[in-house]
Amino acid sequence: MPRASIGGPSDDTRVSFFCPGCDDVHQVRIGSSHGWTWNENVVHPTFSPSVLVQGAGLVCHSFVTEGRIQYLADSTHAMAGQTVDLQDGKVVVDGQ
């Protein structure tokens, strides 16, 4: 269940979403010292800039905009080049 505080994201805020391309959860650290911004919408989130996850031979590069994940061509999984809705249409917010 998404959790968000009324005060808005702090510099320690972590926003997580399930990535069907990786079959795993990705986490974005929100705040001025981390570089990502978030529209504070847990149902239709937008993160900026793009989300890049690398590890164990996998690259997942995407834009998350208004609750949709747009996988970029440099992603190495089968969903590269596709755009999909966030599963459950929600994110989980921790660290506020």
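The exchange below goes through the reasoning behind several labels given to this predicted model.

Me: What makes this an all-strand chain in terms of its elements, and in what order do the elements run?
Reply: The protein chain has zero helices and nine strands, and from the N terminus on the elements run β-β-β-β-β-β-β-β-β.

Me: Why are β1 and β2 called paired strands?
Reply: Pairing asks for at least two bridges between two strands, and seven bridges join β1 (residues 13-19) to β2 (residues 24-30), so they count as paired, and they run antiparallel. Among the residues that face each other, R14 has R29 in β2 as its bridge partner, and S16 stands opposite Q27 in β2. The two strands form a hairpin with four residues between them, and D23 in that turn has a positive phi of about 55°.

Me: How do you know which strands lie at the edges of the sheet that holds β1?
Reply: The open sheet has three strands in the order β2-β1-β9, with antiparallel pairing. The edge strands are β2 and β9 (92-94), each of which pairs on one side only. From one strand to the next, the twist averages 25°.

Me: Why do β5 and β6 also count as a pair?
Reply: Five bridges join β5 (residues 51-55) to β6, set against a requirement of at least two, so this antiparallel couple counts as a pair as well. L52 stands opposite H61 in β6. Here the hairpin has two residues between its strands, with A56 in the turn showing a positive phi of about 50°.

Me: What makes a group of residues the largest nonpolar core here, and which residues have the most contacts inside it?
Reply: A core is a set of buried residues of the nonpolar kinds, joined through side-chain atoms within 4.5 Å, and the largest such set has 19 residues. Those with the most contacts inside it are V15, F17, W38, F47, I69, Y71 and V91. The elements that give two or more residues to this core are β1, β2, β6 (58-65) and β7 (68-71), and the largest share, three residues, comes from β1. As a general background, nonpolar side chains in soluble globular proteins tend to be buried together.

Me: What does F17 touch, leaving aside residues up to four places away in sequence?
Reply: F17 touches D24, V25, H26, V28, F47, V51, V64, I69, L86 and V91.

Me: Why is C19 not counted as part of a disulfide?
Reply: The cut-off is 2.5 Å between two cysteine sulfur atoms, whereas the closest cysteine sulfur to that of C19 is in C60, at 3.7 Å, and is therefore too far for a bond.

Me: Why does C60 fail the rule too, and how many disulfides result?
Reply: The sulfur of C60 has its closest cysteine sulfur in C22, at 3.7 Å, which is too far for a bond because the cut-off is 2.5 Å. By this rule the count comes to zero disulfides.

Me: How do you know whether C19 and C60 are buried or exposed?
Reply: Buried means under 20% relative accessible area; C19 has 0% relative accessibility, so C19 counts as buried, and C60, with a relative accessible area of 1%, is therefore buried too.

Me: How much of the protein chain counts as buried, and what supplies the area that the chain exposes?
Reply: Of the 96 residues, 36% count as buried. The chain exposes about 5,400 Å², and carbon and sulfur atoms supply 51% of it.

Technical notes:
Residues are numbered from 1 along each chain as its sequence is written. This is a predicted model: local features need pLDDT of at least 70, side-chain atom pairs count only at pLDDT 80 or more; totals for chains, interfaces and linings use all residues. Side-chain values use heavy atoms; hydrogens and water are left out. Buried means under 20% relative accessible area, exposed over 50%, partly exposed in between (1.4 Å probe, protein chains only). Accessible areas come from the Shrake-Rupley method with a 1.4 Å probe; for residues, only the protein chains shown count as cover. Axes are lines fitted to C-alpha atoms, for helices over the stretch in contact, and angles run from 0 to 180 degrees between N-to-C directions. Contact means heavy atoms within 4.5 Å.
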